[in-house]
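Hi,

Here is the structure I said I would pass on to you. Have it open while you read, and click on the residues as they come up.

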Amino acid sequence: MALANLIDGAFVPARSGRSLPDYDPATGLQVATLPDSGAADIDAAVAAALRAQPSWAAVAIEERATFLERIADGLAAAASALARLETLDTGKPIDLSSTLDVPRAVRNFRFFAGQVRHDRTDAHHGSDSLNYTLRTPIGVVGLITPWNLPLYLLSWKVAPALAMGNCVVAKPSELTPLTAAALCEVVTAAGLPKGVFNLVHGTGPAAGEPLVAHPQVRAISFTGGTATGARVATTAAPLFKKLSLELGGKNPTLIFADADLPAAAAGAVRAAFLNQGQVCLCGSRILIERSVYEQVRDAIVTDTKALVVGDPMQQGTQLGALISPDHLAKVQGYLALARQEGGAILCGGDRPSLPPPLAGGAFLRPTVIDGLPPTCRTATEEIFGPVATVHPFATDQEAIEIANGVRYGLSASVWTSNLARAHRVSAAVHTGMVWVNTWLLRDLRVPFGGVKDSGLGREGGPHSLEFFSDTRNICIKL
Ligand code: NDP
């Protein structure tokens with residue numbers, strides 16, 4: 001399979017003629033090539049987007065919403081093929097691609113079609129004036145997305161950007177180009193005018209960086225690692241671009257003795273290991289009240305050992321491969337560090353032995369580590385793999401201090417049956433999002449994003465529409 005860029009409505013190779021290999025992380029086999037694009041391809045995509053922008057901005061909101069619905073219909077019609085592509089590219093279980101990644105991508109387009117139709121702006125009536133707010137498109141926006149939820153996160157940005165009348169240049173992760181390429185086909189079949197949606201494949205430094213640096217790209221929505229986010233911000237800031245940064249996390253799961261403990265243990269395991277622990281929201285630090293520590297820890301270990309690791313294409317598999325051998329090596333490096341730091345590996349930590357062609361895949365058993373101080377590197381740095389640490393706490397205050405003792409602040413999951421405690425702890429943890437007695441229960445209308453090193457800005461519902469538009473106040477003297 002040779003993938004192409006979508007620029008000005010045409011499927012084209014990189015101008016340099018170079019390409020990159022794309023691998024299936026479950027087998028190590030090459031599955032496709034993608035354009036190894038650079039600044040010239042970004043320039044062409046931005047030029048096409050600029051040409052298309054005035055007429056796209058003039059398309060009525062109702063009609064733009066109808067385009068989004070057509071894209072949703074196209075994705076829904078291809079759902080099972082898309083789920084297979086996503087699993088092939090990421091190594092994630094097919095059950096996850098089919099129940100989470102693809103349905104959510106469809107929902108993102110349908111949701112923002114509805115959101116933009118029902119959008120409204122403020123009016124302020126004074127004694128001598130009437131002010132009202134107008135939302136205008138920003139122009140050309142750059143969207144940069146990671147490999148962990150490729151179609152899910154790309155659609156989360158594309159849908160609101162188009163809904164608000166912007167033209168798009170998207171740059172997906174070079175590790176997972178397959179569903180982004182499929183989205184290009186769907187968008188084209190939906191009849192979107194040429195140049196409105198452009199997608200340029202390639203690496204971060206060669207293609208991502210020129211997109212961020214391009215002076216005519218007026219906003220960047222970026223999801224990825226914190227170090228990359230800092231680089232994006234450094235490039236974009238002197239150009240005064242609008243910037244949304246959804247970055248890393250080291251999220252706490254706080255389990256209090258008064259919680260429904262079996263549900264809390266099961267919830268903690270799901271939060272730690274969904275998508276092989278490669279979700280920015282994963283709960284990789286499990287804090288358990290001391291009076292029930294052994295009981296809950298042992299239940300977590302039992303539930304973790306029961307997870308089925310294996311062929312991602314097989315129904316029933318719960319953990320597939322990590323994204324790449326390099327990433328596996330990074331995660332294994334943290335296991336070595338955990339041992340050095342005095343941690344005891346209670347389960348996992350090794351690679352399953354799987355038959356060919358999976359023998360060369362980037363698999364790792366889900367790992368639970370006990371006995372580490374909550375301040376050590378293993379317990380405070382983002383590992384982004386199937387590794388969770390467990391820590392006891394004595395008081396609510398201690399739990400909150402541990403939860404807040406990291407540079408990240410994306411999300412937290414609090415398990416308690418005490419309503420007052422739920423409110424108190426939720427207000428005290430420094431994160432952008434808190435779930436109580438659940439994890440990753442998403443309502444697309446709510447603000448999504450982090451504090452501290454987890455990012456800048458909020459997306460979701462009206463927040464996305466606000467990010468992808470400029471706000472103008474109009475004052476009329478009465
Ligand atoms: P990276 O930061 O490595 O990459 C993210 C995207 O940025 C990729 O498309 C990458 O391209 C691109 N990129 C890399 N360097 C540059 C650059 N200099 N300029 C512009 N773009 C660049 O993250 P990963 O793909 O490794 O994803 C994992 C990270 O994403 C984790 O830290 C995770 O926590 C975070 N994440 C955050 C989420 C959130 O909502 N807060 C959600 C999901 C993930 P390429 O890969 O092609 O090099």
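Below is what I found, place by place.

One thing before you start: this is a predicted model.

**The ligand**

Let's begin with the ligand, which has 30 residues around it. Lys171, Glu174, Thr228, Leu247 and Glu382 are the closest of them. Try zooming in on Lys171 first: one of its polar side-chain atoms sits 2.7 Å from a ligand oxygen. Two other residues come in with their backbone instead. A polar backbone atom of Thr145 is 2.8 Å from an oxygen atom of the ligand, and for Gly202 the distance from a polar backbone atom to a ligand oxygen is 3.3 Å. How much of the ligand does the protein bury? On its own the ligand would expose 900 Å², and the protein buries 89% of that.

**Helix H8**

Next, have a look at helix H8, which runs over residues 226-236. Its buried residues are Thr226, Gly229, Val232 and Ala236. These four are on the same side of H8, because they cover an arc of only 110° around the axis. Turn to the other side of H8 and you'll find Ala227, Arg231 and Thr234, which are exposed.

So what do the buried residues of H8 pack against? There is one helix, H7 (204-213), plus the strands S10 (217-223), S11 (242-246) and S17 (408-409).

**Ser324**

Now for a loop. Ser324 is found between helix H10 (293-305) and helix H11 (325-340). Is Ser324 buried or exposed? Its relative accessibility is 13%, and the cut-off for buried is under 20%, so Ser324 counts as buried. The side chain of Ser324 also reaches the backbone nitrogen of His327, at 3.0 Å. If you leave out residues up to four places away in sequence, Ser324 touches Pro25 and Ala362.

**Cysteines**

Last stop: how many disulfides are there? The count comes to zero, going by a cut-off of 2.5 Å between cysteine sulfur atoms. Take Cys184 as an example. The nearest cysteine sulfur to it belongs to Cys167 and is 14 Å away, and Cys184 is in no disulfide. Cys184 has a relative accessible area of 1%, so this residue is buried.

That's the tour. Write back if you get stuck anywhere.

Cheers

Technical notes:
Residues numbered from 1 in each chain as written. Predicted model: local features only at pLDDT ≥ 70, side-chain atom pairs only at ≥ 80, totals over all residues. Heavy atoms only, no water. Helix = DSSP H or I, 4+ residues; strand = E, 2+ residues; numbered from the N terminus. Buried < 20%, exposed > 50% of the residue type's maximum accessible area, 1.4 Å probe, protein only. Polar contact = N/O pair within 3.5 Å; in protein donor to acceptor, adjacent residues only side chain to side chain. Contact = heavy atoms within 4.5 Å. Arc of directions from axis to C-beta. Near = heavy atom within 4 Å. Areas by Shrake-Rupley, 256 points an atom, 1.4 Å probe, with all protein chains shown as cover.
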